[in-house]
Every structure is written in C-alpha cells, then in structure tokens.
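Please open the model alongside this text and rotate it as you read. We will take the chains in turn and then look at how they meet.

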Amino acid sequence: MSGVEITPDQTPVLSRMFRFQWEKAQDSYVLLYPEGMVKLNGPAGEVLALVDGQRTVTDIIQSLQAKFPDADGIEQDILEFLGDAREQRWISL
Amino acid sequence: MSNAGSACNGQPSLNAVPTHGQPLWLLAELTYKCPLQCPYCANPTNFASKTDELTTAEWVDVFTQARELGAAQLGFSGGEPLVRQDLAELISEARQLGYYTNLITSGVGLNEHKIADFCEAGLDHIQVSFQAADPEVNNLLAGSKKAFQQKLKMAREVKAQGYPMVLNFVTHRHNIDQIDRIIELCVELEADYVELATCQYYGWAYENRNNLLPTRAQLERAERITNEYRDRLAAAGNPIKIIFVTPDYYEERPKGCMNGWGQVFLTVTPDGTALPCHSARMLPVEFPNVKEQSIEQIWNRSNGFNHFRGYEWMKEPCVSCDEKEKDFGGCRCQAFMLTGDANNADPVCSKSPHHDLIVQAREEAELPTHQEPIFRNERNSRVFAKS
C-alpha cells in the first residue's frame, strides 16, 4: 500500500519482477525487468544493495550511517526512498 | 532521493563512444523454424532459403562479446526458440554472464518440465504470444488447432512457477474489436505486462497488409477501451501494466525507429547476420556476420551499422527538418519498402512527398477484405525465395 508510513522494524524484499545488479558498462547499480532497465543513482543503489529480505529498515539505516558518517539527515532520505521504491513496486515490506 | 532512476529509454549514456550508444539490447533469433504460421510474422518472407544456424558455442561467443560491450537484456527469439534443443544451455550461459534473460515464445512446444528447467538455468522472464482471445480466431491465425489451449495452459504454468510474465497480443483488424476480451483474459491469467502490439507492416505482415490493417474507427475504439480498463484496473489496485502500440500508419510523424539506427539494438539472425533491427535484412545494405567479424567491429566499425548513423545520409524533407533528432527520419525499412529508396523520409511523415501511399493504405483499410491471408510457412516462403 502506498502512503502508509514505513516503520523501522519492517524488512524490505526486492520484488520478483526486478533483478538488482552492478552494471559495469553503466558504472552504476541497475534494476533489470522484462525488456527494460532502470539505472539507479548512487544513493538509491546503496540502499537497494542492502535490501536482501533479511535486513530490517533499522539495519539498513545503521549500515549506511556507518558507511557515510558525514552525511546529514540520511535516515529521512532512506525512508523516503524506500517509500518511493515501494510505490514503484520495486520492493515490498 | 526521488528521481532515483531513469527508465532505459535508449538514450546513449554520456560516457559511451561519442557517436553512438551501447548495444543494450541483444535479440538472438535462434532459428527460423516455427510450428505456427502467423500471417504477420516479422521473419523474412524468404526464410526457407536460409537454413544455417549458429552452433551453441557460436551463440555463447556472441553473448560473451556483446556483454562486454554493455548488453544487459538478452531476448531469445526466432522463429520459435523452443525448437533449439540447446535452449536451456544457452539460457544458463547467458545468465552467468549477467544478462537479464527473456524467452519470447508462442508457448507451443513448452511444458511444465521445460519451464522448471529454464528457471533452474536462470531464465528471468517469459513472454507468451497469443493470436486472439478466443480459440477459433487464435487457431485460425496461428494455423494450428491446439494452439490456444496450449497457450492458456502454459501461461498459467509460467505464473505458477513464479516468473514475471508478459503476454503479447499482436492486434489487427480481425481481433482488435475483441480488445476487451483480450484484456480480461490477460487479467485472468495474471500477466504482469500486456503488450497490445499492433502489426508492424514488414515481412509477412506487409504482404498481408490489406488483410490486417484496422480502420481508424477500430483503432480509436480499441484505444478508448484500453484506457478505460487501465483506469479501472489501477483504481482497483491491480499492478498489471498495459502497453498499447498504435500502428504508425495512422500517425502524421514517423516513429523514432529503434531509438536510432545502431544506437541500442543488436539483432543476430539464425545464420549469424548482425542487424540494427530485425527487419533490416530487406535493405540493400551489406550486413556483417558474427562468424567473420567480432561484435566490437560489427557494432562500432562495420558499414552496415554505420550506414544510417548520424544525419549525413538524409535527404529533404528530413535534412532541414527540426524534428530529425527526434525521429531520425523514421524507419529505413518502411522508406525502402514503400518508396524504393531507403534514404527517403519514412512516408508515414505528412511532410514526405510519398505520404499519399500511407493515406491510400488507410483508405483501403475501409474496404472489406476477401482474399485469404498468406500464411507464414515453408511452402509459401519458398515461393518468395524464388521471386
């Protein structure tokens, strides 16, 4: 459901419709789906790289805070992105 | 982090070779053999004279080379790709190379064991084509009495095994009035994407154009009904995506064919001929073969792939047209088929001096058709090969 707030204890899972991988020729992470490709920007790729059906939203936020200690307001960005990703049906929670 | 990604719409990336993009899409036409006889098939009409097929090792070499050049999507097509006995092996090799693998099939020759084997080999997605939403029209067009039941069964099996599924309906004057039933069937079968793809008038479809081109009224009705279904399904929370492709014969500007010649697409035909699109073989241009040249040579340096890159080749009205960067003068094959000169503007464009040919085809579509379609089979193909 879109518009519903994401909570820290939820566990995002990548939808079976999409395959996530690093694409050398694009120098970025991408989502591949039937006959198409979404090229992800840097932050989006960093978040989806941690979506494995095991990590909770909290785990993902903590991992990225540890990886990018100088980034401010990262938590809100991650929650917003996960919301967008759910709306696009890239992930479910 | 909104705008996190942009759809792969074929725009060359900034760090690509300056003059053209990467071959992101590799279409492997494994064979011209097919158990069906659809009169709108995109294969060359003289396919019966081209019986050579690349070996398993040759295909794997093509996949490996194209992947190094940036290919990410691989379509297994044909003919009917299931005819190839090494299909599972090819899927497995492609998947290990990192491709997103698409099987584009009629479903005829498929069974639940093969679907499971392909899944194990790493197949990502299956597209099943239908000819119509009811058995009679479907089987008549396919030239097979059992095709429809088989397709239904296989579409259900594809979903049962968890694959993303695209259902493809080629639409034309004999099935477009059943668009509501087609969409309902797709919803029932739980398709993820539906392609309501109008006939493209090349190959067999061009020969059968009078038998296939819908009228403007048919087309407008179908588009309206499709939009109504889209709204209704979206409101009900159904994630199904419906893509409706209108025939360019009813446009006033041509399509930006293949996102530009040699910009995104690389087709390799059963005998290894490499093409910038699957229809290009008809053009009076020499195309390279993967048995003789590397994919890098073919994509970056061959005359065939460089022939219509850029704007140098254009004639008026294209050369001074402010829309040339949008549509690249339209489709080279259509220009060649209809005007005899592949450098002309695509006659779909109302600025083309040959646009009357398109207007005439629209007028002919208003008349009833009485002639039988020419079915795509070996016997008919041999007639084309001789002529």
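What follows is a walk through a predicted model, from overall confidence to single residues.

Let us begin with how far the prediction can be trusted. For the complex, the predictor gives an ipTM of 0.90 and a pTM of 0.91. In chain B, pLDDT averages 91, and 95% of the residues score at least 70. One stretch of chain B calls for care: over residues 1–18 the pLDDT stays under 50, although the model has 37 contacts for them beyond four places in sequence. Where pLDDT is low, the predicted coordinates should not be read in detail.

Chain A has three helices and five strands. Followed from the N terminus, its elements come in the order β-β-β-β-α-α-α-β. Its C-alpha trace spans about 35 × 30 × 20 Å along the principal axes. The radius of gyration of chain A is 13 Å, which agrees with the value near 12 Å that a compact globule of 93 residues would have. Buried residues make up 29% of chain A. Of the contacts in chain A with a separation of 6 or more, 51% are between residues 24 or more positions apart.

Now turn to chain B, which contains 15 helices and 10 strands. Chain B has a radius of gyration of 20 Å, close to the 21 Å that the globule rule gives for 387 residues, so it is as compact as a globular protein of that length. Its C-alpha atoms fill a box of roughly 60 × 50 × 50 Å along the principal axes. In chain B, 47% of the 387 residues count as buried. Among its contacts between residues at least 6 apart in sequence, 72% join residues at least 24 apart.

What lies inside? In soluble globular proteins, nonpolar side chains tend to be buried together. Here the largest nonpolar core has 127 residues, and B:Met165, B:Leu167 and B:Leu266 have the most contacts inside it. B:Met165 is a good place to start looking: leaving out residues up to four places away in sequence, it touches B:Ile126, B:Val128, B:Ala155, B:Val158, B:Lys159, B:Ala191 and B:Asp192.

Helix H2 of chain B, residues 87–96, is worth viewing end-on. Which of its residues are buried? They are B:Leu87, B:Leu90, B:Ile91, B:Glu93 and B:Ala94. Seen down the axis of H2(B), these buried residues fall within an arc of 165 degrees, so they line one face of the helix. They pack against H1, strand E3 (73–77), strand E4 (100–105) and helix H3 (112–121) of chain B. Just after H2(B) comes B:Gly98, with a positive phi of about 100 degrees.

On the other side of H2, in the loop between E3 and H2 of chain B, sits B:Gly79. The peptide bond leading into it from B:Gly78 is cis, with omega near 15 degrees. B:Gly79 is also one of the contacts of B:Lys33, along with B:Glu80 and B:Val83, once neighbours within four places in sequence are set aside. B:Lys33 itself belongs to the loop between strand E2 (25–29) and helix H1 (56–68) of chain B. It counts as partly exposed because it has 17 C-beta neighbours inside 10 Å. The C-alpha atoms of B:Lys33 and B:Pro270 are 9.7 Å apart, with their positions 237 residues apart along the chain.

Some other loops of chain B have backbone details to check. A cis peptide bond joins B:Glu316 to B:Pro317, with omega near 10 degrees; B:Pro317 is in the loop between helix H11 (303–306) and helix H12 (324–327). B:Phe328, in the loop between H12 and helix H13 (332–339), has a positive phi of about 55 degrees although it is not a glycine. B:Phe328 is buried, with 25 other C-beta atoms within 10 Å. B:Asn259 also has a positive phi, near 55 degrees, but is partly exposed, with 19 other C-beta atoms within 10 Å.

Finally, how do the chains meet? In the model, 26 residues of chain A are in contact with 25 residues of chain B. On the chain A side, two or more residues each come from strands E2 (19–23), E3 (28–33) and E4 (36–40) and from helices H1 (42–48) and H3 (74–87). E4(A) gives the most, with five residues. This side of chain A divides into 12 nonpolar, four polar and 10 charged residues.

Terms used
Residues numbered from 1 in each chain as written. Chains lettered and ligands numbered in written order. Predicted model: local features only at pLDDT ≥ 70, side-chain atom pairs only at ≥ 80, totals over all residues. Contact = placed C-beta atoms within 7 Å. Helix = DSSP H or I, 4+ residues; strand = E, 2+ residues; numbered from the N terminus. Nonpolar A, V, L, I, M, F, W, Y, C, P; charged D, E, K, R; others polar. pLDDT = per-residue confidence, 0-100. Buried ≥ 20, exposed ≤ 12 C-beta atoms within 10 Å, placed from the backbone. Core = buried A, V, L, I, M, F, W, Y, C linked by C-beta atoms within 7 Å. Arc of directions from axis to C-beta. Rg over C-alpha atoms; globule rule 2.2 N^0.38 Å.
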